[in-house]
Amino acid sequence: MSSSVDVNFCRQRIFREYIGVEPYPFPGDLPDQLFPHDKIINPDVPEFHYILAFASEHYIDGKEGTGYFMRNWSCSWKRHGNNRKGAGHFSPEDVRKIKVKFPNVKVIISIGGRGDQYPFNPAFKEVWADNAIVSLKKILSEYSGAIDGIDINYEVIKSSEADFAYCIGKVINGLMNFENVKVMSIAPSQAVRSHYKALYQAHKDDIAWVNYQFYNQPVPSVDDFLRIYISLLSIDGYNVHKPLPGYSTDPKDQLNLPLNVFLDGCAELKRLELLNGIFIWRALDDSPSPFPPFHIEEKAQKLVIH
């Protein structure tokens, strides 16, 4: 597949993984109380991002957002067949230890949520933005500089494109460089693509990465995968060095995007010098799989390494 996009590529590739959506199955070969960072993180990847999902906001009657964000991630382990849980909650102390042991790791907080339970729907946009900045600063302060960035990940947006760009833009401006926050990313998907396009166009210099959720739409072939990726550059106007293709370990998402299509598509992007990195939606899904734990992470990170 040919592309008219200019690719003067020199930026290091990264790997990002959303984690904390729910407790994960505890692989039988791992000792109690240990979170298996050694099995997940490839030290040869130039930059590895754990994305904590999510900091979610409080809603009025479950409908209108207040902008008051709270930690909602759960990174404990559970064993199949019982309720036993281990450590690994990504507490401030945990995060600092991870980053000392793995110098290529950055830790990001994702705000929003997946599905219509967590819509972007501010009751009052000015109040929402002010509350969001204050409540997120509180979370960041608890981590004392150990958090490297913020990811915007609303899959359901009930406001206009302009209001979304305005509110989230205020949050970006309010949090950039607070504590150690240097990385801002967004996570568009097909249903809300125009909202994220508007946000990016208003804050393109602040947004470092664009995690595009390929798994939220049918992508039956490599040609379809490449067509969507190129359209992010040519239609949505994202900088050639910013989009990251994403794969989901959730079985229902795999009906949209088969693993072989994703990996072959990423390999073709790499050949074209368009692969900036890869992200995976939620580490180690607990559904039955023909693959061993972390198989997908291992395959994806090998593609990312130069």
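**Exercise 1. Find the acidic partner of Arg-114 in helix α7, and say which parts of the chain the pair ties together.**

Step 1. Start with the pair itself: Arg-114 makes a salt bridge with Asp-253, and their closest N and O atoms are 2.9 Å apart. Here a salt bridge is a side-chain nitrogen of Lys or Arg within 4 Å of a carboxyl oxygen of Asp or Glu.

Step 2. Place both residues. Arg-114 sits in the loop between β6 and α3, while Asp-253 belongs to helix α7 (residues 251–254), so the pair ties together parts that are 139 residues apart in sequence. Helices (H or I, at least four residues) and strands (E, at least two) are DSSP runs, numbered from the N terminus.

Step 3. Check the surroundings: Arg-114 and Asp-253 are both buried. Buried means under 20% relative accessible area, exposed over 50%, and partly exposed in between (1.4 Å probe, protein chains only).

A word on the model: it is predicted, so local features need pLDDT of at least 70 and side-chain atom pairs count only at pLDDT 80 or more, while totals for chains, interfaces and linings use all residues. Residues are numbered from 1 along each chain as its sequence is written, and side-chain values use heavy atoms, with hydrogens and water left out.

**Exercise 2. Work out which loops are joined by the salt bridge between Glu-155 and Arg-114.**

Step 1. Take the distance: the closest N and O atoms of Glu-155 and Arg-114 are 2.9 Å apart.

Step 2. Locate the two ends. Glu-155 lies in the loop between β7 (149–154) and α4 (161–175), and Arg-114 in the loop between β6 (105–113) and α3 (125–142), so this pair ties together parts 41 residues apart in sequence.

Step 3. Look at accessibility: Glu-155 and Arg-114 are both buried.

**Exercise 3. Describe the salt bridge between Asp-130 and Lys-170, then name the residues of the network around Arg-114.**

Step 1. In this pair, the closest N and O atoms are 3.6 Å apart.

Step 2. Asp-130 is in helix α3 and Lys-170 in helix α4, so the link spans distant parts of the chain, 40 residues apart.

Step 3. Asp-130 is partly exposed at 41% relative accessibility, and Lys-170 is partly exposed with a relative accessible area of 25%.

Step 4. Now the network: salt bridges with shared partners join Arg-114, Glu-155, Asp-250, Lys-252 and Asp-253.

**Exercise 4. How many salt bridges, helices and strands does the protein have?**

Step 1. Searching the whole structure gives 15 salt bridges.

Step 2. The secondary structure comprises nine helices and eleven strands.
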